[in-house]
Amino acid sequence: MTTTTQTLPTVYVTEADHEILSNLADAVAGRAAGSRVLAGEMARAVIVEAGQAPCPFVGIGSTVDYQDLTSGQPRRVRLSLPRDASIDKGRISVLTPVGAALIGMTAGESFHWTDNDGRLRGVRVISVEDGAGA
């Protein structure tokens with residue numbers, strides 16, 4: 001899975017989330033579908049104190065409204081660690097491709113990547129609730 005050559009949005013993350021997510025990406029490197037996207041996002045993340053980003057951003061525990069740019073469908077999910085993920089409860093793991101793509105983004109930003117099957121994928125954040133930057 002690789003990102004495209006588009007201009008990448010700024011990714012904000014708290015120091016605590018950065019440590020958790022970087023360690024998680026390293027621990028599962030190559031074994032989880034979103035691990036490469038997550039590792040790449042953590043490598044370029046801007047580390048901020050909670051509430052210090054210019055606007056709310058997606059963090060662990062955030063509720064996010066986003067549009068799947070492949071299907072055009074809007075979705076609402078809560079971003080979680082793998083142990084707390086539950087499709088039935090609308091909680092997606094940060095190790096899924098979509099979860100990894102959403103982490104650190106702010107409303108209005110888009111992120112594109114190429115999945116393991118060579119298909120272009122993308123998400124656009126519509127709104128962030130309980131964001132780490134709130």
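Is S35 buried or exposed, and what is its relative accessible area? S35 is buried, with a relative accessible area of 2%, and this residue is found in helix α2, one of the elements described below. The model is a predicted one, and the protein in it has three helices and eight strands. The points that follow go from the overall form of the protein to helix α2 and then to single residues.

**Overall form**

- Read from the N terminus on, the elements of the protein follow the order β-β-α-α-β-β-β-β-α-β-β.
- For 134 residues, a compact globule would be expected to have a radius of gyration near 14 Å, and the protein agrees with this because its own value is 13 Å.
- Taken along the principal axes, the box filled by the C-alpha atoms of the protein is roughly 40 × 35 × 30 Å.
- Among the contacts in the protein with a separation of 6 or more, 62% are accounted for by residues that stand 24 or more positions apart.

**Surface and charge**

- Of the 134 residues of the protein, 46% count as buried.
- The protein exposes about 6600 Å², and carbon and sulfur atoms supply 49% of that area.
- There are 12 positive and 15 negative side chains in the protein, and the centres of these two sets lie 7 Å apart.

**Helix α2 and its cover**

- Helix α2 spans residues 35–44, and within this helix S35, V37, L38, E41 and M42 are buried.
- These buried residues cover an arc of only 160° around the axis, and therefore they lie on the same side of α2.
- An α-helix has 3.6 residues a turn, so residues three or four places apart point the same way.
- R36 and A43, by contrast, are exposed on the other side of α2.
- The cover over the buried residues of α2 includes the strands β2 (12–14) and β7 (110–114), together with the helices α1 (15–27) and α3 (97–102).
- As for S35 itself, its contacts, leaving aside neighbours within four places in sequence, are with A25, V28, A29, G30 and L95.

**Two further buried residues**

- G104 lies in the loop between α3 and β7, and G104 counts as buried because its relative accessible area is 0%, where the limit is under 20%.
- Not counting residues up to four places away in sequence, G104 touches T10, V11, Y12, F57 and V58.
- G104 and I60 are 44 residues apart along the chain, and their C-alpha atoms are separated by 9.1 Å.
- I92 is found in strand β6 (residues 91–93), and I92 is also buried, with a relative accessible area of 13%.
- When residues up to four places away in sequence are not counted, I92 touches V77, R78, L79, S80, A85, V98, G99 and L102.
- The C-alpha atoms of I92 and R76, which are 16 residues apart along the chain, are separated by 10.0 Å.

**A partly exposed loop residue**

- R119 lies in the loop between β7 and β8 (120–129), and R119 is partly exposed, with a relative accessible area of 48%.
- Setting aside residues up to four places away in sequence, R119 touches W113 and T114.
- R119 and P9 are 110 residues apart along the chain, and the separation of their C-alpha atoms is 20 Å.

Technical notes. Residues numbered from 1 in each chain as written. Predicted model: local features only at pLDDT ≥ 70, side-chain atom pairs only at ≥ 80, totals over all residues. Heavy atoms only, no water. Helix = DSSP H or I, 4+ residues; strand = E, 2+ residues; numbered from the N terminus. Rg over C-alpha atoms; globule rule 2.2 N^0.38 Å. Buried < 20%, exposed > 50% of the residue type's maximum accessible area, 1.4 Å probe, protein only. Contact = heavy atoms within 4.5 Å. Areas by Shrake-Rupley, 256 points an atom, 1.4 Å probe, with all protein chains shown as cover. Lys, Arg positive; Asp, Glu negative; His and termini not counted. Charge placed at Lys NZ, Arg CZ, Asp CG, Glu CD. Arc of directions from axis to C-beta.
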